[in-house]
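Please open the model in your viewer, with the sequence panel beside it, and follow the stops below in order. Each stop names what to select and then says what is there.

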Amino acid sequence: MVKTAILVSGGGTNLQSIIDANLFGEIKNCELTAVISSNPEAYAIERAQYAGIPVYIVDRSIFPNRQSFSKALLDKLIDLEIELVVCAGFKSILSHLLVKAFENRMINIHPSLIPAFCGPGFNGLRVHEAVLDYGVKVTGATAHFVTEVVDDGPIILQKAVEIYEDDTPQTLQRRVMEEAEWKILPEAISLFCQRRLVIEERIVRIMGSLDNES
Ligand code: GRF
């Protein structure tokens with residue numbers, strides 16, 4: 001079983017999708033070892049406790065900078081012998097040291113089709129506002145490995161979502177979560193834990209057929 005830590009900062013809907021998929025046996029070979037929150041007030045903490053997953057708080061607000069926060073986080077991940085780290089609605093940018101320590105072992109979910117509408121500043125509702133302002137007809141979500149450049153790592157899975165004429169940033173955010181984020185994030189975790197992801201340069205190859213999933 002791959003010892004996995006989920007990093008959270010907020011409501012934890014992405015975390016919930018992982019907990020549920022794991023409960024239904026849709027994530028193979030994964031142990032949800034820890035949920036680590038950068039925010040002591042995050043509702044994600046309650047979701048983890050309800051699911052019986054150990055919770056740790058590494059409060060971003062008490063650290064003076066990204067480096068010291070990331071070091072504390074890295075110490076906790078090493079302590080827990082974590083193999084896979086998943087950023088699920090996690091709002092902090094991490095240091096070079098931490099990203100390097102978990103190179104090709106840290107997965108993030110981003111609510112657009114990378115390389116569109118991503119990078120520094122594209123988070124939360126701002127992504128969907130930008131999508132609607134631009135007038136694109138489809139958007140979606142991307143599960144990718146984390147590298148030092150924000151939202152730039154090798155892409156594992158993407159799923160497209162249609163945009164409706166009467167969408168608001170809020171309705172679009174919800175549909176992208178329901179139709180894309182909550183599906184491809186658990187799927188990417190399962191593929192990693194089954195050791196089916198092979199990374200060649202920035203291309204991620206998926207071993208075996210996806211048709212037999214779930
Ligand atoms: C949403 O903005 C979603 O698009 C993004 O994370 C936020 C959800 O956070 N990926 P959470 O998982 O409910 O904490």
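Leaving aside its neighbours within four places in sequence, with which residues is Ile 189 in contact? Select Ile 189 and display its surroundings: apart from those sequence neighbours, the residues in contact with Ile 189 (contact meaning heavy atoms within 4.5 Å) are Ile 18, Ile 27, Cys 30, Leu 84, Val 86 and Ile 107. Before going further, note that this is a predicted model, in which local features need pLDDT of at least 70 and side-chain atom pairs count only at pLDDT 80 or more, while totals for chains, interfaces and linings use all residues. Residues are numbered from 1 along each chain as its sequence is written, and side-chain values use heavy atoms, with hydrogens and water left out.

**The nonpolar cores**

Keep Ile 189 selected and add Ile 6 and Ile 18, since these three are the residues that touch the most other members of the largest nonpolar core, a set of 43 residues. A nonpolar core is here a set of buried Ala, Val, Leu, Ile, Met, Phe, Trp, Tyr and Cys residues joined through side-chain atoms within 4.5 Å, where buried means under 20% relative accessible area, exposed over 50%, and partly exposed in between, for a 1.4 Å probe and protein chains only. Helix H6 (169-193) gives the most to this core, with 10 residues; helices (H or I, at least four residues) and strands (E, at least two) are DSSP runs, numbered from the N terminus. Another core, of 20 residues, lies apart from it and includes Leu 74, Ile 82, Phe 90 and Val 146.

**Strand E5 and its partners**

Next select strand E5 (106-110), in which 5 of 5 residues are buried. Met 106, Asn 108 and His 110 point one way from E5, whereas Ile 107 and Ile 109 point the other way. This can be set beside a general pattern: in a regular strand the side chains alternate between the two faces of the sheet.

Add strand E4 (residues 84-87), which runs parallel to E5 and is joined to it by 3 bridges; two strands count as paired if DSSP finds at least two bridges between them. Within this pair, Val 85 stands opposite Met 106. Tracing the chain from E4 to E5 takes you through helix H4 (residues 96-101), in a β-α-β crossover that is right-handed, meaning that, with the strands pointing away from the viewer, the path from the first strand over the helix to the second runs clockwise.

Now add strand E6 (138-145), which pairs with E5 in the antiparallel sense over 4 bridges, and look for Ile 107 opposite Phe 145.

**Thr 139 and helix H5**

Staying in E6, select Thr 139, which counts as buried at 2% relative accessibility. Leaving aside neighbours within four places in sequence, Thr 139 has contacts that include Pro 111, Leu 113, Val 131, Ala 160 and Leu 172.

Val 131 leads to helix H5 (residues 125-134), whose buried residues are Val 127, His 128 and Val 131. Seen down the axis of H5, these buried residues fall within an arc of 90°, taken from the directions from the helix axis to the C-beta atoms, so they line one face of the helix. Their cover includes E5, E6 and H6. Just after H5 comes Gly 135, with a positive phi near 85°.

**Loops**

In the loop between E5 and H5, select Pro 115; the peptide bond from Ile 114 to Pro 115 is cis, with omega near 15°.

Then move to the loop between E6 and strand E7 (155-162), where Gly 153 lies. Gly 153 is buried, with a relative accessible area of 1%, and, neighbours within four places in sequence aside, it is in contact with His 144, Phe 145, Thr 147 and Arg 202. Asp 151 lies in the loop between E6 and E7; its phi is positive, near 60°, in a residue other than glycine, and it counts as buried at 9% relative accessibility.

For another positive phi in a residue other than glycine, select Glu 81, where the value is near 55°. Glu 81 lies in the loop between helix H3 (66-79) and E4, and at 58% relative accessibility it counts as exposed.

**Cysteines**

Finally, colour the cysteine sulfurs: how many disulfides does a search of the whole structure find? The search finds 0, a disulfide being a pair of cysteine sulfur atoms within 2.5 Å. The closest cysteine sulfur to that of Cys 87 is in Cys 30, 14 Å away and therefore too far for a bond. For Cys 118 the closest is the sulfur of Cys 87, at 15 Å, also too far for a bond.
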